[in-house]
Amino acid sequence: MNSLYPGLTIGKATRDAYGEALKALGALHDDIVVLDADLAKSTKSYDFGQAYPDRFINVGIQEANMVGMAGGFASCGKTPFISSFASFVVLKGFDQLRMAVAYPNLNVKVCGSHGGISLGEDGVSQQSVEDIALACALPNFVVCMPADEHEMRAAVAAAYAHKGPVYIRSGRPKAPLVYKETPSEFQFGRADELRAGTDVTIIANGMLVGAALVAADRLAKDGIEARVLNMATVKPLDDQAVRRAAAETGAIVVAEEHLLTGGLG
Amino acid sequence: MLHESKSGHPGGSLSAVELVTALYFGGFLRYDVADQDSADRDRFILSKGHGVPVQYAAMAEAGFFDVAELKTLRKIDSRLQGHPVKGSMPGIEASTGSLGQGLSIGVGMAMASDMDKMDFRTWVLLGDGECQEGQVWEAAMAAGHHKPSKLVAIVDANDFQLDGPVDAIITLDPFAAKWESMNWVVREIDGHDMAAVCDAFSWAESQFRPVCIIAHTVKGKGVSFMEHQNSYHGVAPSDDELARSLAEFDVATLEPTLVTSGNGKGVSK
């Protein structure tokens, strides 16, 4: 039991699960190359680098160049997974993501760690509340923000299986578990109803899915039955799930670590 | 082409004619028009994407597509956009035109070539003004560190950028020293001296480390009223200017003299 998420177990940070899943994936697929921009120990791509040093490139503090290089690798048949903080790889690498990855529809997987404001005390330069809007504006990109370690593992596997660019946002703090194990039915673009309800729907993603479940428990004590939808994929959006929620519950509340403009809300 | 489309960048295309011609027809850029997507083809990235008319012309001449298609440049539904678009046709290896990006892509390709023990080489043609972009130096620094064995950066140093002379806007000096300081080997040549261009490309192929060729060129080369005149950076020739240009070239003697050989390696007939 913990005070922030009563009723939920705290699991690993999604960034830790990303690193573990990437390393595991590396054992299966030698077309995977991993690039990081001097934050490998924070994004957790470091573990892949230790296991597969010949397929790991630390480009130094050069986000724009890293994205361009990834485009070059991908156009030669590699599957690059590149990572940095969300606010650096997406914001500093945006034009490169657009020209070298998105429009050519290349098979590059981008992980932005330390997403949202939950990374905490490092302040506004490190926090990222614009990355989802920018990533959603990139043609051909899938944009995904897993809720917990289990969903992150599923998302990393799905990102590899998907042919085309994918943006995954991970978080720094340990995340409350909303799944018991890796969700086998995970698919990009499909919302997951974690709690049934008819009075209101809370649509959330990332760490706020756990918070939404906690909120729904509290509402139940007041006689309000809230549906909770985990909208891990922001693009493509499961708009049918949104329409059903609006029709069946009459009200929707969105919880996300992002600005109102351009995010899930 | 540019007259037909009534827009485009003649100056920076003409300065690169010898460089691009030597690549496609001098036996340096390895391609096979019968197997345009082959994994071991050399990669050519035109990082100074606004110069793409000269690349399209070379590609048509080499047999990537019909010469007649050149007249569709910049027109609606054409594959020949005003700047290169990866995916528009084989042989266009990167989307460029947002300056500064091509070398990074080339570094990735060159490292992929080494990683897979492939033979293909990556050639990146940059503009000198373009080298004001910080990303060029990120890529140069990364290549200087990782030292991919088959990467050639060619700078079409025509001394001008859109707003005026490079030296008057932001000087690149000391230019060769910048590359050398990042562990590149550098050679400076006259980019209109075909023998010197070919010699430099041969030398580049023998280095097995990142090579930079600084080709000193003249913007608008070959058209007397465009040479050194930066007003033709992004302005297509008028009817009269087209006629005067073609007269200077004596077009009757310029009928195709360059073809690709059966093995797909560009050679001069």
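This dialogue walks through a few features of a predicted model with chains A and B.

Reader: What kind of model is this, and how are residues and chains labelled?

Author: It is a predicted model, in which local features need pLDDT of at least 70 and side-chain atom pairs count only at pLDDT 80 or more, while totals for chains, interfaces and linings use all residues. Residues are numbered from 1 along each chain as its sequence is written, and chains are lettered from A and ligands numbered from 1 in the order in which they are written.

Reader: At what angle do the axes of α3(B) and α4(B) cross?

Author: Axes are lines fitted to C-alpha atoms, for helices over the stretch in contact, with angles from 0 to 180 degrees between N-to-C directions, and helices are DSSP runs (H or I, at least four residues), as strands are (E, at least two), numbered from the N terminus. Here α3 (residues 17–25) and α4 (residues 52–62) of chain B have axes that come within 10 Å and cross at roughly 30°. The two helices are therefore roughly parallel to each other, a term used for angles under 35 degrees.

Reader: Which residues make the contact of α3(B) with α4(B)?

Author: Two residues are in contact if their C-beta atoms, placed from the backbone, lie within 7 Å. From α3(B) come V17(B), V20(B), T21(B) and Y24(B), and from α4(B) come V54(B), Q55(B), A58(B) and A62(B).

Reader: How many residues of chain A are in contact with chain B?

Author: There are 20 residues of chain A in contact with 19 of chain B, and on the chain A side α4(A) gives the most, with nine residues.

Reader: Where is the cis peptide bond that involves P236(A), and where is the one that involves P174(B)?

Author: Most residues other than glycine have a negative phi, and most peptide bonds are trans. In chain A, a cis bond joins K235(A) and P236(A), with omega about 0°, and P236(A) is found in the loop between β12 (233–235) and α10 (239–249). In chain B, the bond from D173(B) to P174(B) is cis, with omega near -5°, and P174(B) is in the loop between α7 (166–169) and α8 (175–181).

Reader: Is D77(B) buried or exposed?

Author: A residue is buried if 20 or more other C-beta atoms lie within 10 Å of its own, exposed if 12 or fewer, and partly exposed in between, with C-beta atoms placed from the backbone. D77(B), whose phi is near 75° although this residue is not glycine, counts as exposed because 5 C-beta neighbours lie inside 10 Å.

Note on methods:
Angles under 35 degrees count as roughly parallel, over 145 as roughly antiparallel, 65 to 115 as roughly perpendicular and the rest as oblique.
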